[in-house]
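Work through the exercises below with the sequence and the coordinates open. Each task is followed by a solution in steps.

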Amino acid sequence: AVLAVPPCVPTHTGCFGLDIGPKSSQAFTQALASCRSLFWNGPMGRFELPGFAAGTRAIARAAGALTAAGATTVVGGESAGVGLKRGGAGSAGAGV
C-alpha cells in the first residue's frame, strides 16, 4: 500500500483515512494548548499500525503537556489509553 498525506478533501474512492495528517496534528495541538480540561475518547487514527500512529502520538504528547501544566485530563476507552501510553504521555498523570 502507498501511504500519502492528501490535501484536506473528501477521501478518494478506494482510499481510507487512517490517521490525521501533520497539519491537523499541529492544529489540534495548538487548539489544546490553552485548555484547562481535556476529555479524550479515542485515538486519532489506526495507531496500532506504525504508519498511522503519528496523529495519536501528537495528541498524547499534547495531553501529557496539559496534565503536566496542571490541566485535568481524562482519557476514555482502552484504545485511547493505549495510545496515550504509546505516545509517551502514560506517566503524565492523566486519568484513564
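## Exercise 1: two residues of one helix

Leaving out residues up to four places away in sequence, Phe28 touches Ile20, Met44 and Ile59. The model is a predicted one.

Task: classify Phe28 and Ser25 as buried, partly exposed or exposed.

Solution.
1. Locate the residues. Phe28 lies in helix α1, and Ser25 is found in α1 (residues 22-32).
2. Take the cut-offs: buried means under 20% relative accessible area, and exposed means over 50%.
3. Phe28 has a relative accessible area of 39%, so Phe28 is partly exposed.
4. Ser25 has a relative accessible area of 9%, so Ser25 is buried.
5. List the contacts of Ser25. Not counting residues up to four places away in sequence, these are Ile20, Gly55 and Ala58.
6. Check one distance for Phe28. Its C-alpha atom is 7.4 Å from that of Ile59, although the two residues are 31 apart along the chain.

## Exercise 2: the strands

Task: state how β1 and β2 run relative to each other, parallel or antiparallel, and find which residues lie on the covered face of each.

Solution.
1. Strand β2 covers residues 72-75; 4 bridges join β1 to β2, and the two run parallel.
2. In β1, Leu38 and Trp40 form the covered face, while Ser37 and Phe39 form the uncovered one.
3. In β2, the covered face holds Thr73 and Val75, and the uncovered face holds Thr72 and Val74.
4. Match residues across the pair. Leu38 stands opposite Thr73, and Trp40 stands opposite Val75.

## Exercise 3: helix α2 and the core

Task: compare the span of α2 with the expected one, then find what α2 gives to the largest nonpolar core.

Solution.
1. α2 has 15 residues, so at 1.5 Å a residue the helix should span 21 Å. The expected span is 1.5 Å times one less than the number of residues.
2. The end C-alpha atoms of α2 are 21 Å apart, which agrees.
3. List the buried residues of α2: Gly55, Thr56, Ala58, Ile59, Ala60, Ala62, Ala63, Gly64, Leu66 and Thr67.
4. The largest nonpolar core has 10 residues: Leu32, Leu38, Trp40, Ile59, Ala60, Ala62, Ala63, Leu66, Ala71 and Val75.
5. The elements giving two or more residues to this core are β1 (37-40) and α2 (54-68). α2 gives the most, with 5 residues.
6. Follow one core member. Apart from neighbours within four places in sequence, Leu32 is in contact with Leu38, Ile59, Ala62 and Leu66.
7. For context, nonpolar side chains tend to be buried together in soluble globular proteins.
8. Look just past the helix. Gly70, just after α2, takes a positive phi of about 105°.

## Exercise 4: the whole chain

Task: give the order of the elements, then decide which of them has the lowest mean pLDDT.

Solution.
1. The protein has 3 helices and 2 strands, in the order α-β-α-β-α along the sequence.
2. Of its 96 residues, 31% count as buried. The accessible surface comes to about 6200 Å², and carbon and sulfur atoms account for 58% of that.
3. Take contacts between residues at least 6 apart in sequence: 65% of them join residues at least 24 apart.
4. The average pLDDT is 79, and 70% of the residues score at least 70.
5. Among the elements, α3 (residues 78-86) has the lowest mean pLDDT, 64, and α1 has the highest, 93.
6. Predicted coordinates should not be read in detail where pLDDT is low.

Terms used:
Residues numbered from 1 in each chain as written. Predicted model: local features only at pLDDT ≥ 70, side-chain atom pairs only at ≥ 80, totals over all residues. Heavy atoms only, no water. Core = buried A, V, L, I, M, F, W, Y, C linked by side-chain atoms within 4.5 Å. Buried < 20%, exposed > 50% of the residue type's maximum accessible area, 1.4 Å probe, protein only. Contact = heavy atoms within 4.5 Å. Areas by Shrake-Rupley, 256 points an atom, 1.4 Å probe, with all protein chains shown as cover. pLDDT = per-residue confidence, 0-100. Pairing = 2+ DSSP bridges.
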